[in-house]
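Work through these short exercises with the model open. Each task is followed by its solution.

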Amino acid sequence: MKLIITDSIYEKEFKPLELIFPIDLMKLAAKKSMCGLGENIKNSSKIPSTILKKVYLTSSGGAGRAIFLLQIGGENSFLVILRLKNDKKVGENMTISNPKFKKVLEKNLDLIFEEIKQGRYREFEI
């Protein structure tokens with residue numbers, strides 16, 4: 001199993017919170033999501049053979065939420081969004097009914113697909 005983080009998601013989502021949610025914690029969260037833990041969330045666009053999972057995170061630095069895109073029957077988990085729980089725009093309400101969340105989700109998914117095609121990503125063994 002692998003956690004995949006594209007370059008822009010790494011810079012935009014993971015790096016600002018790396019001290020609170022280190023890569024080992026993210027790998028554990030990705031593994032849990034692949035094993036069925038976490039909440040399935042709706043996506044505004046249908047992506048064949050995938051599901052979105054919201055996983056709750058806790059660390060000594062605070063609480064957060066992560067959204068992973070999972071390949072059904074696959075071995076890869078893609079980090080899409082990482083936010084603190086008290087993030088006013090997205091963290092408190094990570095549902096498709098939140099227009100701010102929906103906008104970030106769609107933008108990040110577009111970035112992920114483009115960067116995967118270009119080979120601009122990092123893989124972490126889980």
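**Exercise 1.** Is S49 buried or exposed?

*Solution.* The model is predicted. Start with the relative accessible area of S49, which is 53%. The cut-off for exposed is over 50%. S49 is therefore exposed. Next, place the residue: S49 sits in the loop between β2 (39-41) and β3 (50-59). Finally, check the backbone. S49 has a phi near 60 degrees, a positive value in a residue other than glycine.

**Exercise 2.** Determine how β3 pairs with β2 and with β4, and name a residue pair for each.

*Solution.* Take β2 and β3 to begin with. They run antiparallel and are joined by three bridges. Here N40 stands opposite K53 in β3. Now turn to β4 (residues 62-71). Between β3 and strand β4 there are 10 bridges, and these strands also run antiparallel. In this pairing T58 faces A63 in β4 as its opposite residue. Last, look at the connection: β3 and β4 make a hairpin, with two residues between them.

**Exercise 3.** Is S8 buried or exposed? Then find which residues S8 is in contact with, leaving aside neighbours within four places in sequence.

*Solution.* Locate S8 in helix α1 (residues 7-14). Its relative accessible area is 16%. Buried means under 20%, so S8 is buried. Beyond its neighbours within four places in sequence, S8 is in contact with E13, L111 and E115. For E115, go one step further: the side chains of S8 and E115 are joined by a polar contact of 3.0 Å.

Methods
Residues numbered from 1 in each chain as written. Predicted model: local features only at pLDDT ≥ 70, side-chain atom pairs only at ≥ 80, totals over all residues. Heavy atoms only, no water. Helix = DSSP H or I, 4+ residues; strand = E, 2+ residues; numbered from the N terminus. Buried < 20%, exposed > 50% of the residue type's maximum accessible area, 1.4 Å probe, protein only. Polar contact = N/O pair within 3.5 Å; in protein donor to acceptor, adjacent residues only side chain to side chain. Contact = heavy atoms within 4.5 Å. Pairing = 2+ DSSP bridges.
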